[in-house]
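Hello,

Here is the structure I promised to pass on to you. Please have a look at it first, and then read my notes below.

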Amino acid sequence: MKKLKHADHFDKIGVIGAGAWGTALAQVCARAGREVILQAREADVVGSINTAHRNEIYLKGIDLLPQVKATADLSDLAECELILAVPPAQHMRATLKALAPFISEGVPIVLCAKGVERGTDALMNEVLAEALPNATPAVLSGPSFAAEVAKGLPAAVTLACPDVDLGAQIIHTLATPTFRPYHSDDMIGAEAAGALKNVLAIACGISEGRGLGRNAHAALITRGFAEILRFAVTLGAKPETVAGLCGLGDLVLTCSSPQSRNMSVGLALGGGQTLEQALAGKVSVAEGVESAPAVVHLAHKLGVELPICEAVAAILAGEAGVEDTVSALMSRPLKFESAI
């Protein structure tokens, strides 16, 4: 296995978005000994992090290191050497445009949101290229529940960056004894896998909530992986990326626990709730709900068949019921099994 050469690290890190994952990543940076500033929209979140070292709205019950400093002002990130961008995918463009006046040309931006932008069908690296064309992109993705990462439980993720030297710098910046990033040069693979796995997690939640059994659950994960592979490879991704942490690893995690925001929405839908009821009271965003129609729209443009994702999008749009959708999936024409 190829090893990364020792690389310099970045010392001053900015994290945009103080949801659960953004807060957990700020904790990772602090644990790695970096100076970190976490930007939050809510004044009470900023105050709580800076005084009580807690983010009780998005990451309840977890003590944050005192080195995690919060701000509501993006201009406070102007001196940061590396930015981790963690807003929801549908807000990524607006967030990056708001950041633009405050960062230097070429500053690396690590995209940490998973989804396809509605209206443009753009992956997050494409959004970055349009909003901040002089920024240097990277993508962080993989099986990582925020609460576990914040507590310091072991996790391994993918850091995708075409520039190997920069990728090594970012990895040495973030790595700790309990947080292990692996380098990939395939940003498209990491992003495509991350976008689809959220939609597929809703499908698994629906199946679980409907009591369809473990056989159906396993089938959804396996055939869902085939959908990710078809979609990603058509976009130009490497199959081995999809088979790694940011693909298969993240899919298995997100589809197997109600800790997953997307799976929890599916569980509610499968249990008979409406989408509005399933989302009521949730402070964190279930990215798959917003990305599902964009994923399906992009797949149609690419000529890629995604029957499970299409079924989820139809259920979320109120165009199909759960029972009819399951019947339709099970009555599709019989064929040879193929990952592509």
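**Empty space in the model**

Searching the whole structure turns up 1 cavity of 30 Å³ or more. Here a cavity is a set of points on a 1 Å grid over the protein atoms alone where a 1.4 Å probe fits but cannot get out. The model is a predicted one, in which local features need pLDDT of at least 70, side-chain atom pairs count only at pLDDT 80 or more, and totals for chains, interfaces and linings use all residues. Residues are numbered from 1 along each chain as its sequence is written, and side-chain values use heavy atoms, with hydrogens and water left out.

The largest cavity has a volume of about 40 Å³ (the space filled by probe spheres set on the points, which are joined across faces, edges and corners). Among the residues lining the largest cavity (those with an atom within 4 Å of a point) are K114, S141 and E191. Both β6 (136-141) and α7 supply at least two residues of this lining.

There is also a pocket to look at, meaning an open set of points with protein on both sides within 12 Å along at least five of seven lines. About 1,200 Å³ of space lies in the largest pocket. Its lining has 48 residues, and A20, W21, R261, S284 and V285 lie nearest the centre. Helices that each supply at least two residues of the pocket lining include α1 (20-31), α7 (187-209) and α11 (261-270); helices are DSSP runs of H or I with at least four residues, strands are runs of E with at least two, and both are numbered from the N terminus.

Best wishes
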